[in-house]
Structure formats: C-alpha cells, structure tokens
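Here are my comments on the model you sent. They go from the overall fold to one local group of side chains.

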Amino acid sequence: MTVAEIIYEGLLGSLKQVWQIALIVVPLMVGMQILEDLQILHRVAVRLEKVVRYIGLSGRGAFPLVVGLVFGLAYGAGLIIHSARRGQLGKDELILIMTFLSINHAVFEDTLLFVAIGANGPLLLVIRFIISLAVTALLAGFFRWRRRELIAGDE
C-alpha cells in the first residue's frame, strides 16, 4: 500500500466517522432545543426534586442537574454558575452537582456516540448512573458528617 493510499483510506475512514457522529449529534441538538423551548426539562426537574434529595441536593439543584445530564457539561456549567451567582445553590450543593455531572453528563449524546463505535449502550448508561449516584451520595454523606462534627465542636 502506498502512502497516498494510506492517506486516502485514513481520510475516507475519518469522514465516515464524522458523518456517523453528525447523524447522531444534529438530531439530538434539535430535539434538545425543542425540549428546552417547550419547558419540558424544567417540568422534569420539578418532578425530580424529591429524588435529588437522596444525593444531598435541594430542589433548586434539580434543574441544573437535569440540564447538565441532557445538554452536557458546557451548557450545564453555564446554568450552574448562573444559579450560584444568584445565591440559589450553596458550596456543598455545587460540589455535589459537579461531582455527579463529572461522572454522568451528556447521557444521550455520549451513549449514542459510544454505541456507534460498538459499546453496549444500556450497560454504559446503567454503570455511569450507578457510579455517579454512589459517589455523589458518599460525598453528600461526608458533607453531613462534617457539618455534624463542626456543630459538635462548637458546643
């Protein structure tokens, strides 16, 4: 195989991969924009308020968490920073949200991209979700313990 053939094969393979990714990402982005415009994500966040309490978050932390899960870290981080500046989220809650999202973000996009290259999508989703819940819950437990210790130390 000549160098030109190797370059041609590499470019052709790369273009096929980029096309596969575009077929996944573009419809997802359109769908997510529709979800956002219809306020569906906000309604999902309201319903998740009771659930997120189990990982140490208040109801105010549910919306940034859902946005980060669906849209990914960049958009989610923007909303989280905005919520923090408005005083809606405390330091511990910010750390918990970012911990969860560091492990489990852009669930639809990432999963579909990994499925396109051969990964087991449902298994990937379940593992990421369980690990993110466990790590975040453990960290929330540490924060509760630390608060109790600080209060006990003041007495």
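1. Read from the N terminus, the elements of the protein chain follow the order α-α-α-α-α-α-α. That makes seven helices and zero strands. Please keep in mind throughout that this is a predicted model.

2. On overall shape, the radius of gyration of the protein chain is 20 Å, whereas a compact globule of 155 residues would come out near 15 Å. Along the principal axes, the C-alpha atoms occupy a box of roughly 80 × 35 × 30 Å.

3. On packing, 30% of the 155 residues of the protein chain count as buried. Among contacts with a separation of 6 or more, 65% join residues that are 24 or more positions apart in the protein chain.

4. On the surface, the protein chain exposes about 10100 Å², and 70% of that area comes from carbon and sulfur atoms. The charged side chains number 14 positive and 12 negative, and the centres of these two sets are 8 Å apart.

5. On aromatic side chains, how many aromatic pairs does a search of the whole structure find? The search finds three. In one of them, Phe-142 and Phe-143, the ring centres are 6.1 Å apart and the planes meet at 50°, so this pair is tilted. An angle of 50° is neither under 30 degrees, as stacked would require, nor over 60, as edge-to-face would require.

6. Phe-142 also pairs with Trp-145, with 5.8 Å from centre to centre and 35° between the planes, and this pair is tilted as well. Both Phe-142 and Trp-145 belong to helix 7, which covers residues 121-154. They sit three residues apart there, about one turn of the helix.

7. Phe-142, Phe-143 and Trp-145 together make up one aromatic cluster. Are its members buried or exposed, given that buried means under 20% relative accessible area and exposed over 50%? Phe-143 has a relative accessibility of 5%, so this residue counts as buried. Phe-142 has a relative accessible area of 39% and is therefore partly exposed. Trp-145, at 43% relative accessibility, is partly exposed too. The cluster thus combines a buried Phe-143 with a partly exposed Phe-142 and a partly exposed Trp-145.

Definitions and conventions: Residues are numbered from 1 along each chain as its sequence is written. Side-chain values use heavy atoms; hydrogens and water are left out. Helices (H or I, at least four residues) and strands (E, at least two) are DSSP runs, numbered from the N terminus. The radius of gyration is taken over C-alpha atoms; the globule rule is 2.2 Å times the number of residues to the power 0.38. Buried means under 20% relative accessible area, exposed over 50%, partly exposed in between (1.4 Å probe, protein chains only). Contact means heavy atoms within 4.5 Å. Accessible areas come from the Shrake-Rupley method with a 1.4 Å probe; for residues, only the protein chains shown count as cover. Lys and Arg count as positive and Asp and Glu as negative; His and the chain ends are not counted. The place of a charge is taken as NZ of Lys, CZ of Arg, CG of Asp or CD of Glu. Rings of Phe, Tyr and Trp (its six-membered ring) pair if their centres lie within 6.5 Å; planes under 30 degrees apart count as stacked, over 60 as edge-to-face and the rest as tilted.
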